[in-house]
Amino acid sequence: MNFIRKAYATWKGSGKEGQGTLTTESTVLQDTQYSYNTRFEQGNGTNPEELIGAAHAGCFSMQLSFLLGEEGFTPNSLDVEAKVEFKNGEIVKVVLELKGDVPEIKDAQFKEIAENAKSVCPISKLLNAEIELISHLS
């Protein structure tokens, strides 16, 4: 399966005093505010790190569900918290904390399948991906 998903960002002003909006192709995010305050303090809006965390948690839990299904297990629930650590200007670590309710699976098998899901999750792979930049001035 191949596809392209789109997201849009607009930023106006300086880094600290400016502000921006984010919109996704699906419009789940529609002109959603982000700013210095939402990223580095506690303002209303979102920030890139929490969006990466949400994407990683969502991708990982879905990947794990597929892998569990391949082994004959259907989870009642997979709850994942992603903690994205930003330090000295870069993302240095993502911690995925998983709580699963999967009938009839043994702990060791669950952990093995979860480790595999972490390795093959497309967002996990993305964190080491090639990034292509196409830029234009208007």
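A residue counts as buried under 20% relative accessible area, exposed over 50%, and partly exposed in between. Lys83, at 41% relative accessibility, is therefore partly exposed. The legends below apply these words to a predicted model.

**Figure 1. The whole chain combines four helices and five strands.** Along the sequence, the elements follow the pattern β-β-β-α-α-β-β-α-α. The C-alpha atoms fill a box of roughly 55 × 35 × 25 Å along the principal axes. The chain has 138 residues, and 25% of them count as buried. Take the contacts with a separation of 6 or more: residues 24 or more positions apart account for 40% of them.

**Figure 2. Helix H2 runs from residue 48 to residue 70.** This helix has 23 residues. From its first C-alpha to its last, H2 reaches 33 Å, close to the 33 Å expected at 1.5 Å a residue. Asn47 caps the N-terminal end. A side-chain oxygen of Asn47 lies 3.1 Å from the backbone nitrogen of Glu49. Just after the helix comes Gly72, with a positive phi of about 90°.

**Figure 3. The buried residues of H2 pack against helices and strands.** Glycine, alanine and leucine are represented among these buried residues, which include Gly53, Ala57, Leu64, Leu67 and Leu68. Glu49, His56, Ser61 and Gln63 are also among them. Their packing partners are helix H1 (36-40), strand S4 (77-87), strand S5 (90-101), helix H3 (107-120) and helix H4 (122-126).

**Figure 4. The largest nonpolar core has 17 residues.** Phe60, Leu64, Leu68, Val102, Ile105 and Phe110 have the most contacts inside this core. H2, S4 and H3 each supply at least two of its residues. H2 gives the most, with six. In soluble globular proteins, nonpolar side chains tend to be buried together.

**Figure 5. Leu64 of H2 is a buried residue with many of its contacts listed here.** Neighbours within four places in sequence are left aside. Leu64 is then in contact with Leu78, Leu98 and Phe110. Ile113, Ala114 and Ala117 are also in contact with Leu64.

**Figure 6. Cys59 and Cys121 form no disulfide.** The sulfur of Cys59 is 3.1 Å from the closest cysteine sulfur, that of Cys121. A disulfide needs two cysteine sulfur atoms within 2.5 Å. The gap is therefore too far for a bond. The structure holds zero disulfides. Cys59 is buried, at 19% relative accessibility. Cys121 is buried too, at 0%.

**Figure 7. Glu81, Lys83 and Glu97 are linked in a network of salt bridges.** The side chains of Glu81 and Lys83 meet at 3.6 Å, N to O. Glu97 also forms a salt bridge with Lys83, and here the closest N and O atoms are 3.4 Å apart. This second pair links distant parts of the chain. Glu97 sits in strand S5 and Lys83 in strand S4, 14 residues apart. Glu81 is partly exposed, with a relative accessible area of 42%. Lys83 is partly exposed at 41%. Glu97 is partly exposed at 34%.

**Figure 8. Lys118 and Glu115 form a salt bridge within helix H3.** Their side chains meet at 3.2 Å, N to O. The two residues lie three residues apart, about one turn of the helix. Lys118 is partly exposed, at 39% relative accessibility. Glu115 is partly exposed as well, with a relative accessible area of 46%. Across the structure, the count of salt bridges comes to five.

**Figure 9. Asp79 lies in strand S4.** Its relative accessible area is 46%, so Asp79 is partly exposed. With neighbours within four places in sequence left aside, Asp79 is in contact with Glu97, Leu98 and Lys99. Thr27 is 52 residues from Asp79 along the chain, and the C-alpha atoms of the two are separated by 25 Å.

Methods
Residues are numbered from 1 along each chain as its sequence is written. This is a predicted model: local features need pLDDT of at least 70, side-chain atom pairs count only at pLDDT 80 or more; totals for chains, interfaces and linings use all residues. Side-chain values use heavy atoms; hydrogens and water are left out. The expected span of a helix is 1.5 Å times one less than its number of residues. Buried means under 20% relative accessible area, exposed over 50%, partly exposed in between (1.4 Å probe, protein chains only). Contact means heavy atoms within 4.5 Å. A polar contact is a pair of N or O atoms within 3.5 Å; within protein, one must be able to donate a hydrogen and the other to accept it, and residues adjacent in sequence count only if both atoms are side-chain atoms. A salt bridge is a side-chain nitrogen of Lys or Arg within 4 Å of a carboxyl oxygen of Asp or Glu. A nonpolar core is a set of buried Ala, Val, Leu, Ile, Met, Phe, Trp, Tyr and Cys residues joined through side-chain atoms within 4.5 Å.
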